[in-house]
Every structure is written in C-alpha cells, then in structure tokens.
Amino acid sequence: MANQYAWGETDRERQRLAIQGDALRPATERLFRAAGIGPGMRVLDCGSGGGDVSIIAGELVGPSGAVLGIDRDERNVEAANRRVDQIGWTHVRFETGDIAAPPNQTFDAVVGRLVLMYQPDVEAVLRALADRLEPGGVMAFMEYEHNPPNRPVMWPRSPAVEKLVRWMDAAFEVLGIQQHLGTRLPSLMRSVGLEPQLPHESTAAVYTGATATEHQITLVANLSPVLIAHGIATEEELDLGAFAESVTKDLGPDPVVVAGPNVAVWASKH
C-alpha cells in the first residue's frame, strides 16, 4: 500500500501536475532516449497521473508500440484516457492500478516520474516491476531528492515560500515520504538485479513570472488538509488570501523558483 499522496486528488492538483510536467518534459524525454525507448516497444508508465509521461513515451514508441499507464485514482485514469482519445491515439491507454502490484504481463520498458517517493517499500516495488521486464528491457525513473531541511532555490528570497517549504518538510515526515530517493535510485535498481547505466542526470522544474507565484499558492491550497490534520499549521496560518498576498509581495514581478533537484536514472535487465 502506497503512502498518502501529499497533494490531494483534485482538478487543481491535476492542473499543477500539468504545469510541472511541461517543466520536466525535456529532461524526461532525454532520460527515455538515453534508455533506448523507441519504436515498437511496450512501455509501462507507473503512477501515470494526467498522462504526461505516457504521452512522451507514446511519441517515442509510435503506433507500432504500446504504452500502458496505471494510476490509483480513477479520475486521473478517466482524464488521461480522454486526453489520448482527443489526440486520436489508440496505442496509449490507462487503467486503474497500483504499481506495487503491476499488471501480469511483460514490457520492454518500465518508467515513472516522482512516484517511487510515495512507496513505503521502494525495493519491493522495484522488484515487482523488474519481474515484468523482458530480458534486455529497461527501467527509467526520475525521483525527487528530498533532503530536509530544504531551502528553496529562488530569487528574490521569500519568507512566505520558505515557510511553505518548512511545512512541506514536516508533512513529508508525517506521511513517511521517502528521503534521498533520487540519489538512492542506482543502488536500489542494482538491488533488484538491474544494471544502472550512465548518464544519470540532475534536473529541476523551473517556474518563472506569474507561474512561479501561482505555483506556491497552489501548493498551499493542496497541502492544507494534511497540514491541518497533523497539527503542522493552523487554519489561520493557512489563510489562502493572506498567503497569496504575502508571496506575491515577496516575489515581485519577475521571480524564479526552482523545484528540485530530481535525479534521473535508467537501468537495463540482463
């Protein structure tokens, strides 16, 4: 059973993930190309959310290949299937499922982005996923290097954002979200019989302008139920209007806020 997802399952969260997906798309595509994902391959996308990662994989494998995305949230699955239907693709589809118990079929590649961090036993999940890989298959993941206490990379400095990051650290601790998972990926993959391959890459989502400010406001809105439930912050502290006013004043008209780092690693199965 996965740990609780910190950000909730709402339309606002799906929109946040779409913006994050745009920011991380270039690094995700580089990872998949380095892993050799290409035409005709069968790919499993773990924790597929709104379908961003599956769409990248779908572009690479083309109509001669196939991509299956699995996600625990039926609403994510429905939204992602509508998305590929609108594109007109039939080689990418989505199903409700848990990556700890992957579909009983084999794949040429298993991929995911920012999903293993929510698994209480990452090695067990990777072992189950590795069992679904064909010999010669590849596994490619990008994961957040959660390393508390975190200090946000941004300009200008914002006390409001720094308070948000402290809240996030506390929420991740009570929810049991994995620390240092990005840098642990190579050893974890090796522990389940895979051979990590170079290059590894460190990357981040970079938000600028109004998007940077709105991203911070959305994080507070989505995280508030967890913060209140666990006594990390009060409803008064989490007043969204007051936070929005503070963060907008702090960051000004031309901010840059960096979310990360994330580490991208791929490995092969002999």
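Two residues are in contact here when they have heavy atoms within 4.5 Å of each other. Helices (H or I, at least four residues) and strands (E, at least two) are DSSP runs, numbered from the N terminus.

This is a predicted model: local features need pLDDT of at least 70, side-chain atom pairs count only at pLDDT 80 or more, and totals for chains, interfaces and linings use all residues. Residues are numbered from 1 along each chain as its sequence is written, and side-chain values use heavy atoms, leaving out hydrogens and water.

Let's look at helix 2, which spans residues 52–61. Of its 10 residues, 9 are buried (under 20% relative accessible area, 1.4 Å probe, protein chains only). Among them are Val53, Ile55, Ile56 and Val61. So what do the buried residues of helix 2 pack against? Here are the partners:

| Element | Residues |
|---|---|
| Helix 1 | 11–34 |
| Strand 1 | 42–46 |
| Strand 2 | 66–71 |
| Helix 3 | 74–87 |
| Strand 3 | 92–96 |
| Strand 4 | 107–113 |

Now zoom in on helix 1. Its axis and that of helix 2 (lines fitted to C-alpha atoms over the stretch in contact) come within 9 Å and cross at roughly 35 degrees, on a scale from 0 to 180 degrees between N-to-C directions. On the helix 1 side, the residues that meet helix 2 include Leu17, Gly21 and Phe32; on the helix 2 side, Ile56 and Leu60 are among those in contact.

Just after helix 2 sits glycine 62, with a positive phi near 70 degrees.

Definitions and conventions:
Buried means under 20% relative accessible area, exposed over 50%, partly exposed in between (1.4 Å probe, protein chains only).
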